[in-house]
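Open the model in your viewer and keep the selection box ready. We will go stop by stop.

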Amino acid sequence: MERTLATAWSGTLVRLRCEYMEAPLGVDKPNPKLSWEIACAEGEGDVLQSAYRILVASDPSSLDRQVGDMWDSKKVEGDAQNAVVYGGAELASKLRYWWKAKIWDRQGRESAWSEAAFFETGLFNADDWQCRWFNCEYPNGPTAVYYERKEFVPRNGARITAARAYIGATGSKANAYELRINGKKIGQDLISPGQTHFRRALYRTFDVTEDLRSGSNAIGILHTRKVIFRLDIRYEDGTSEAIVSDSSWRRRKKGAYVALRYAGGSISEGKGETYDARLAPDGWDMPGYDDSAWGRPIPENGPLLLTSQLQPIIASRTLAPVSIVSGGAGTFVVDFGQNLFGAVSLSVVGDAGTKVTLRYAESVHPDGTINPGSLEAGWLAEPQPQYDEYFLSGKGEERYQPAFSCHGFRYVEVAGYPGSLTADRISALVIHSDIENGSEFACSNELLNRLQHGAAWSFRSNLVSVPFDCPTRERQGWLGDAHCHAEADALNFDMAAFFAKWFDDIADCQLENGIVPLICPSEGHEYTLDMPWTAAVILIPWDYYMAYGDKAFLAQHYGLMSSCLSSFRHLLDDAHLLQNNRIFGDWFGSAGELSKTFLATAYYYRCLVLLSRIASELGETADEATYSALASRVKAGINAAFLKEGRYYDANSQTANALALYFELVPPACKPAVLGSLVKDVLSRGTMTVGCLGATAILAALAENGRNDIAYQLAASTNQGCWGYWIREYASTTALENFSDNRASNNHAFLVGGLSAWFYKHLAGISPLAPGYRHIRIKPYIPEDMDHASAQVHTVRGMVQSRWQKGRTQLVVTVAIPPNATAEVYIPSGDRACIQYERLGSDSEQRALMRIEGSFAVYAIGSGQHEWKAIYTEDVLRSLHKPDRQ
């Protein structure tokens, strides 16, 4: 029995995760990453972890005896609590492992052991599957969806103790398969597996123990892509058996899915299906179905890589209509009040053969009819409208939900519906990768709330296996689009598993010479050199590291990053400027002149700086020095060529000056003048001229250089060229593709990444000062015409919260810092005498003021709940709304 120490501590460990998932099934990393959060008694603060110990065992009874027969890390000094890499004995396929952890705080007090958690391994090697792939002819026409079925009887007399279904498929923009056992759909996934490179497939693992029967069982698989399947059954007597995809199954090529409209190739994939319920083979996924007329599948080989998909793509919520308007003759226009990516669920009763058509749109015409134009890929030779068709079986109440198509939409036209369509008969399922984690922002300015609402919904709609450019036309993983909102993604959602998967896709696409395509997963095109777009390969890992502190992620992709950046080295001229890029520029910006050489070289410089920092974090000291030295030469080249009169960059556009400030290109002596040029241009125009690159940088450039007042003016403006114009002119619920109008896509994310990040980092004031939020800055900006703002970010250490509430002469700031983190809190007042500080729920004395910095009193705090009350004089009150004095 383990000795109980006198220095025991009451804190506990919670939310134990493996590979960023709680109790995951199918982990196929040989050294998975383990994480936890720390929970403390109410009122306990200043908690820092000084050491940890992890036990991993092959059965829970070993953990009960404090034995880690797979791994005992022993006591490890340090504050690591996220992405701790497993370092024990070799893990075996298809087994459950149990683990728990304890920590010591900075006083050396030892916590109790956490509750036991578990993870299950998947199949590490191709040989573990012991089966073949079912083929699929690509994919349109009456054989678009295949039915595969298998009946079996478990071993007589043996009780089933566990059963796991492993099913994988090659990637697709649409759903690729649906697994059914004994008439029931298995899992909550609505798109599986998501997009991958052609060389990789992904598989999901399901616990189906409760879905099997002692007698005859039936397995059914619907699929549009190559699919592989294995069912492992374990019995009480210690024996096991497997049911695998092979030639013994029965196949039907024709069924209710009459057509999938893929006529435009992958660009149209998943944008429409026709389902004829009269042709459905009723009971095909149940035991006893007569499949004697069915044929046999054709087993074949699959892709080179088959790896686990731990994060599912699900429906996070269901929306009811806000209005249904009849257009006569069985036609209704349904408004769900929110632009989204997802599917419709429809209930209907009618005669056999009645056709109901669902057409989708993001907007409506003035007469109330739908306007599907922005959903179509206009550069194709033929229009590609998005619609689904359902033919009724006539067998009473019927429910239709497309299985192999999804759409970006707010409005749905339902044509041919028998009877009256009411709100209880139709709903919309909101589909995205499982990323929700409770992060949120709100404030007293309703326009900003609506913009944040639209930003979050835009991110959500475009985070589906890969970061889409839009959920309507292309659904492609453009690198440039993705890095414009990666930081905001990580503030709003749990992006760790999502980006880990997508960077595997990027690595799959990289050529031997280091070049990465501008779209990942690639379909064989866009292998062109465009530095501002390709910069995602380095910008996103740095955002990832700051959010999650996961050094193993950096190490895994360091070769990808360094070889990718090296592929641009030959484009540097003698002045260290990057030439001969194919470059998209500041996409949808309205500035007349913007040098592509400046843009390319500025992003190249930023990547060199970040890769130098990454090399330092990984102990690659020689690389660190090399990248740092080259960055200095490139910076000098940029300033020699593009810094004009010491006052502005390039042609004095907002994007050029904002990027120069944001990327720290500006010499210190010139910074006030360059900032002044940016501010002057913004004020003279009353709007922005930026595109996606400038929109990511402009608010941060202003805020980080003491001009949050101008940043706030832009964020709160409804002038054309600003975000608020979308709300004023179109009542938008997601972000538009450009600042001018809504004739293009109404659900892009690349223009609102910088805006949403500014809400969290500056208006509410939360940002990481050290990787993984080990050290946090809380520095809120207090606009004159706002009463309050608040945000919470669910970090790897727990929830960080910041709220300020302003009265006529008093400001109250409330902050929550999770255990194992520290923070600097900036209270807007240089007069410490007018500030009252209290650690909520604690009798501890006030901590010392750290320093006065400009117009801020800066406090150093530890974990816990904290509150400040600042009583203002009229002079201080007026000074709050002036430019920051830093």
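Which residues lie nearest the centre of the largest pocket? Select Glu487, Arg606, Tyr662, Glu704 and Lys761 to find out where to look. Bear in mind that this is a predicted model.

**Stop 1: the largest pocket**

Those five belong to a lining of 42 residues. The space they surround has a volume of about 1100 Å³. Now colour the lining by class. You should get 25 nonpolar, eight polar and nine charged residues.

Next, show the secondary structure around the pocket. Helices H3, H6, H8, H10 (654-662), H12 (692-703) and H15 (753-763) each supply at least two lining residues, and so does strand S39 (766-768). Which helix gives the most to this lining? H3 does, with eight residues.

**Stop 2: H3 against H6**

Stay with H3. Select residues 479-492 for H3 and 536-548 for H6. Their axes come within 9 Å and cross at roughly 10°. The two helices are therefore roughly parallel to each other.

Turn on side chains at the contact. From H3, pick Leu479, Ala482, His483, Ala486, Glu487 and Ala490. From H6, pick Ala536, Val537, Leu539, Ile540, Asp543, Ala547 and Tyr548. The contact holds ten nonpolar residues, one polar and two charged. Glu487 is a residue to keep labelled: it is part of this contact, and it is also among the residues nearest the centre of the largest pocket.

**Stop 3: H6 against H8**

Keep H6 and add H8, residues 596-617. The axes of H6 and H8 are 9 Å apart, at an angle of about 45°. That makes H6 oblique to H8. Is the crossing left-handed or right-handed? H6 passes H8 in a left-handed crossing.

On the H6 side, select Ile538, Leu539, Trp542 and Tyr545. On the H8 side, select Tyr603, Arg606, Cys607, Leu610, Leu611, Arg613, Ile614 and Glu617. By class, this contact has nine nonpolar, no polar and three charged residues. Two labels are worth keeping on. Leu539 meets H8 here, and Leu539 also takes part in the contact with H3. Arg606 meets H6, and Arg606 is one of the residues nearest the centre of the largest pocket.

**Stop 4: H2 against H3**

Go back to H3 and bring in H2, residues 446-462. H2 and H3 pack at an angle of about 100°, with axes 11 Å apart. That makes H2 roughly perpendicular to H3.

Select Gln452, Ala456 and Phe459 in H2. They meet His485, Ala488, Asp489 and Asn492 in H3. The contact divides into three nonpolar, three polar and one charged.

**Stop 5: the second largest pocket**

Clear the helices. Select Glu178, Arg180, Tyr257, Tyr275 and Arg399. They lie nearest the centre of the second largest pocket, which has 31 lining residues. About 830 Å³ of space lies in this pocket.

Which strands each supply at least two residues of the lining? Show S13 (177-181) and S31 (398-400). S31 gives the most, with three residues. Coloured by class, the lining has 17 nonpolar, five polar and nine charged residues.

**Stop 6: three backbone details**

Switch to sticks for the last stop. Most residues other than glycine have a negative phi, and most peptide bonds are trans.

Zoom to serine 192 and proline 193. A cis peptide bond joins them, with omega about -5°. Proline 193 sits in the loop between strands S14 (184-185) and S15 (200-207).

Now move to cysteine 520 and proline 521. They too are joined by a cis peptide bond, and omega is about 0°. Look for proline 521 in the loop between helices H4 (496-509) and H5 (531-534).

Finish at glutamine 66. Is its phi positive or negative? Phi is positive, near 60°, in a residue other than glycine. Glutamine 66 is in the loop between helix H1 (60-64) and strand S5 (71-72).

Key: Residues are numbered from 1 along each chain as its sequence is written. This is a predicted model: local features need pLDDT of at least 70, side-chain atom pairs count only at pLDDT 80 or more; totals for chains, interfaces and linings use all residues. Side-chain values use heavy atoms; hydrogens and water are left out. Axes are lines fitted to C-alpha atoms, for helices over the stretch in contact, and angles run from 0 to 180 degrees between N-to-C directions. Helices (H or I, at least four residues) and strands (E, at least two) are DSSP runs, numbered from the N terminus. Angles under 35 degrees count as roughly parallel, over 145 as roughly antiparallel, 65 to 115 as roughly perpendicular and the rest as oblique. Contact means heavy atoms within 4.5 Å. Ala, Val, Leu, Ile, Met, Phe, Trp, Tyr, Cys and Pro count as nonpolar, Asp, Glu, Lys and Arg as charged, and the others, Gly among them, as polar. A crossing is left-handed if the near helix is turned anticlockwise from the far one by less than a right angle, and right-handed if clockwise. On a 1 Å grid over the protein atoms alone, a cavity is a set of points where a 1.4 Å probe fits but cannot get out, and a pocket is an open set with protein on both sides within 12 Å along at least five of seven lines; lining residues have an atom within 4 Å of a point. Grid points are joined across faces, edges and corners, and a volume is the space filled by probe spheres set on the points.
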